[in-house]
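Got the viewer open? Let's take a walk through this one, stop by stop, with something to select each time.

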Amino acid sequence: MSDQSQPARDGRQETEAEQLDRNTIELLNELRVVGTGIQVIFAFLLVVPFNTGFRHISPFERDVYFITLLCVATSAVLLMSPTAHHRILFRHQQKPYLVRVGNRLAIVAMVLLAISMTGIVTLISDVVLGGITPVVFGGLTAVFVSGIWFGLPWLRRLQEGHGPRDPR
């Protein structure tokens, strides 16, 4: 695409630079929304081990907790990365790179966040209800979150004929 204003697929008249600016702003706004959720989940997970009852958990609960904590921490790092990249590459004409890499980091972070939410539901259902419930509710959470966050948009892409990769 040249720097000339051309109609985009959605009918917008914008230059490549304008489109990149808009994509960057949209990405950073989305990261802000997810960032709040990450903060709440991370705070919850950081407080849990200091609860006196935490010492009496099973090895399964300890493993689920630690894996969930690692997934949330990694997700937080990935979601903060586009902002750090933007600051470091500011005024170096790297917007196409920033948008492309930021998008990929955000998607991987959301996968880890989905795993984290599944881990939290599994952990809490095991502590509260025990038995088979952590498997049932953990599985239902994984299916629900994956379906809403990833399944619906992928289905839409397939319906629109974009397939796994958008040709743009």
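Start with a charge and a ring. Select R157 and W154: R157 lies over the face of W154, 5.0 Å from the ring centre. There is another such spot to visit, at R87 and F90, where R87 lies over the face of F90 at 4.5 Å from the ring centre.

**Step back for the whole view**

Zoom out and colour by confidence, since this is a predicted model. Average pLDDT for the protein is 86, and 90% of the residues score at least 70. Which element has the lowest mean pLDDT, and which the highest? Strand 1, residues 6–7, is at the bottom with 52, while helix 4, residues 133–159, tops the elements with 95. Where pLDDT is low, the predicted coordinates should not be read in detail.

Now switch to a cartoon view. You should find four helices and two strands, and going from the N terminus the order is β-β-α-α-α-α. The protein has 168 residues, and 33% of them are buried.

**Ring pairs**

Next, look for aromatic rings that pair up. How many aromatic pairs does a search of the whole structure find? The search finds two. Select F54 and Y65 for one of them: this pair is edge-to-face, at 5.1 Å centre to centre and with 70° between the planes. F54 sits in the loop between helix 1 (16–47) and helix 2 (59–88), and Y65 is in helix 2, so the pair ties together parts that are 11 residues apart in sequence. Turn on a surface and check these two residues: are they buried or exposed? F54 is buried at 16% relative accessible area, and Y65 is buried too, at 6%.

Now move to W149 and F150. Their ring centres are 6.3 Å apart and their planes stand at 85°, so this pair is edge-to-face. W149 counts as partly exposed, because its relative accessibility is 29%.

**A pocket between two helices**

Time to look at some empty space. Select L28, L31, R32, G35, I38, Q39, F42, A76, L79, M80 and T83, and you have the lining of the second largest pocket. Its volume is about 240 Å³. Helix 1 and helix 2 each supply at least two of the lining residues. Helix 1 has the largest share of this lining, with seven residues. Colour the lining by class and you'll see seven nonpolar residues, three polar ones and one charged one.

**A cavity inside**

Now hide the surface and go inside. How many cavities of 30 Å³ or more are there? The count comes to one, and about 80 Å³ of space lies in this largest cavity. To see what lines the cavity, select T24, L27, L28, P82, H85, H86, Y97, L98, V99, V101 and G102. Helix 1, helix 2 and helix 3 (95–128) are the elements that give two or more residues to that lining. Helix 3 gives the most, five residues. What about classes? The cavity lining divides into seven nonpolar residues, four polar and no charged. If you still have the pocket selection saved, notice that L28 is in both lists: it lines the second largest pocket and it lines the cavity.

Stay here and pick out G102, one of the residues lining the cavity. G102 lies in helix 3 and is buried, with a relative accessible area of just 2%. Now draw a distance from its C-alpha to that of L27, another residue of the cavity lining. The two C-alpha atoms are separated by 7.4 Å, although G102 and L27 are 75 residues apart along the chain.

**Last stop: a loop with unusual angles**

Finish in the loop between helix 2 and helix 3, where you'll find R91 and Q93. Most residues other than glycine have a negative phi. What is the phi of R91? Positive, at about 65°, even though R91 is not a glycine. Q93 is not a glycine either, and its phi is also positive, near 55°. Bring the surface back for a final check: R91 counts as exposed at 69% relative accessibility, and Q93 is exposed as well, with a relative accessible area of 70%.

Notes. Residues are numbered from 1 along each chain as its sequence is written. This is a predicted model: local features need pLDDT of at least 70, side-chain atom pairs count only at pLDDT 80 or more; totals for chains, interfaces and linings use all residues. Side-chain values use heavy atoms; hydrogens and water are left out. Rings of Phe, Tyr and Trp (its six-membered ring) pair if their centres lie within 6.5 Å; planes under 30 degrees apart count as stacked, over 60 as edge-to-face and the rest as tilted. Buried means under 20% relative accessible area, exposed over 50%, partly exposed in between (1.4 Å probe, protein chains only). A charge sits over a ring if NZ of Lys or CZ of Arg is within 6 Å of the ring centre and within 35 degrees of the ring normal. On a 1 Å grid over the protein atoms alone, a cavity is a set of points where a 1.4 Å probe fits but cannot get out, and a pocket is an open set with protein on both sides within 12 Å along at least five of seven lines; lining residues have an atom within 4 Å of a point. Grid points are joined across faces, edges and corners, and a volume is the space filled by probe spheres set on the points. Ala, Val, Leu, Ile, Met, Phe, Trp, Tyr, Cys and Pro count as nonpolar, Asp, Glu, Lys and Arg as charged, and the others, Gly among them, as polar. pLDDT is the predictor's confidence in each residue, from 0 to 100.
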